[in-house]
Amino acid sequence: MLIQNGRVVDPVTGTDEILDIRVEGSRIVETGKSLNNAGKQVIDASGLVVAPGLMDAHVHFRDPGYTYKEDILTGTAAAARGGFTTVVCMANTKPVVDNLETLAYVQEKGERAAVHVLQAAAVTKGLQGHELVDMETLADAGAAGFTDDGIPLMDERLLIAAMEKARELGLSISLHEEDSALIVAPGVHQGAVSEKLHYGGTPRASEDVLVARDCMLALHTGARVCIQHISSKNSVELVRLAKRLGADVHAEATPHHFTLTDEAVLQYGTRARMNPPLRTEADRLAIIEGLRDGTIDMIATDHAPHSEEEKARPLESAPSGITGLETSLGLGLKSLVEPGYLTLMELLRLMSQAPAEFYGMVPGSIEIDAPADLVIFGEKELWKVESFASKAKNSPFLGWELPGRVHYTICAGKVVYEG
């Protein structure tokens, strides 16, 4: 395969220039200008960006156990359509990924999928928060890291033990930060919108108190910790402080949290119900500033597919979450690059290099002998959000026009999406 005349934007090498890329097998073998096509398949990338394949460090593919919402094959098809070549699946499946058999199931099915599938293991057995999994055995079997995402870890002694073991194993631990004791009703920020809806809501404090605790525990243990889907302006400041103190703390932001506010619930209803919730404009801008100054290390979708029937329930009983893989790049361009908050290079670093480094991986790059995991897209080319490769359609962005149309996603040297 020869990719011709693309604008290569690679945050690892700092490259931003028009180049050709030659791929043989699963790897890049040559880059340069005016390369001979030598009878190979040619992709004309004139006017398009060619970048390392994106990585999403936080997806829910619902497989095993909830495959009416999504499965590994449809989830990876959605990932490929969004420009992603690597994803990390969360552990809250049924059965939970707290044992070797379920981990092996995901790994084996992932080998048949369109993109690279990594699986995080649970921190506690059954996500019950009482007993640690066999972290060493799961790590030896290839677990990418550990998380009870969806449920906070409330037992500090247990959490310290988990952090210390993760540090010993050289793996990360990612944390869902919502103290249920402070939540009146989930999915909507406690403020003017929740009052208008007569819905109790979720205050910032539910997130802030756990972020403060866990930043200090990360500092205490030396563990590599990620604050997942950060939503509160106060939590951004707490992570900033923890980094300054020397903690190995990281944070992820979702496209919906840096694009929308809680006002979206009035317009989109349950499609804008999230855990943690969309908050105010001040929170949204604080998240963007955190992305700008490095407080927040990566963009992750928290891809959370649900059925139409589930999302059609009343606000108080509908599940929280959004299908996010197919709109992530477009929202990053629309909400961050077009207003001038980030450059394209900075956005790609947050969506490819940084999540790989957090998971201790060699990040994708466009250089000789690197894996041929690539995305080719039109930075300013508009497309309308009308359909999904995912089984789910639970998105407030249906009908939106976004930049960044993905033309090709290439994984291990094969075209896995063309559009």
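In this predicted model, three strands form an open sheet in the order S6-S7-S8, paired in parallel. Strand S6 (54-59) and strand S8 (116-119) are the edge strands, and each pairs on one side only. Neighbouring strands of the sheet are turned by 20° against each other on average, direction ignored.

S6 and strand S7 (residues 84-89) run parallel and are joined by four bridges. Within this pairing, Met55 stands opposite Thr86 in S7. Helix H13 (residues 344-358) packs on the sheet. H13 touches S6 and S7, and its direction makes about 70° with that of S6.

**Salt bridges**

The structure holds 21 salt bridges. The table sets out three of them, with N to O distances.

| Acidic residue | Basic residue | N to O distance |
|---|---|---|
| Glu379 | Arg7 | 3.1 Å |
| Asp63 | Lys109 | 2.7 Å |
| Glu326 | Arg81 | 3.1 Å |

Take the pair of Glu379 and Arg7, whose side chains meet in a salt bridge. Glu379 lies in the loop between strand S14 (374-378) and strand S15 (383-384), while Arg7 lies in strand S1 (residues 2-10), so the pair ties together parts that are 372 residues apart in sequence. Are these residues buried or exposed? Glu379 counts as buried because its relative accessibility is 17%, under the 20% cut-off. Arg7 counts as partly exposed, at 27% relative accessibility.

Asp63 and Lys109 form another salt bridge. This pair also links distant parts of the chain, 46 residues apart. Asp63 sits in the loop between S6 and helix H1 (72-81). Lys109 belongs to helix H2 (residues 100-110). Asp63 is buried, with a relative accessible area of 3%. Lys109 counts as buried too, at 15% relative accessibility.

Arg81 pairs with Glu326 in a salt bridge. Which parts of the chain does this pair link? Arg81 is in helix H1, and Glu326 is in the loop between helix H11 (308-311) and helix H12 (328-337). The two residues are 245 residues apart. Arg81 is partly exposed, with a relative accessible area of 24%. Glu326 is buried, with a relative accessible area of 8%.

**A shared network**

Salt bridges that share partners join Arg7, Asp16 and Glu379 into one network. Two of its members, Arg7 and Glu379, are the pair in the first row of the table.

Terms used. Residues numbered from 1 in each chain as written. Predicted model: local features only at pLDDT ≥ 70, side-chain atom pairs only at ≥ 80, totals over all residues. Heavy atoms only, no water. Pairing = 2+ DSSP bridges. Axes fitted to C-alpha atoms, helices over the stretch in contact; angles between N-to-C directions. Contact = heavy atoms within 4.5 Å. Salt bridge = Lys/Arg side-chain N within 4 Å of Asp/Glu carboxyl O. Buried < 20%, exposed > 50% of the residue type's maximum accessible area, 1.4 Å probe, protein only.
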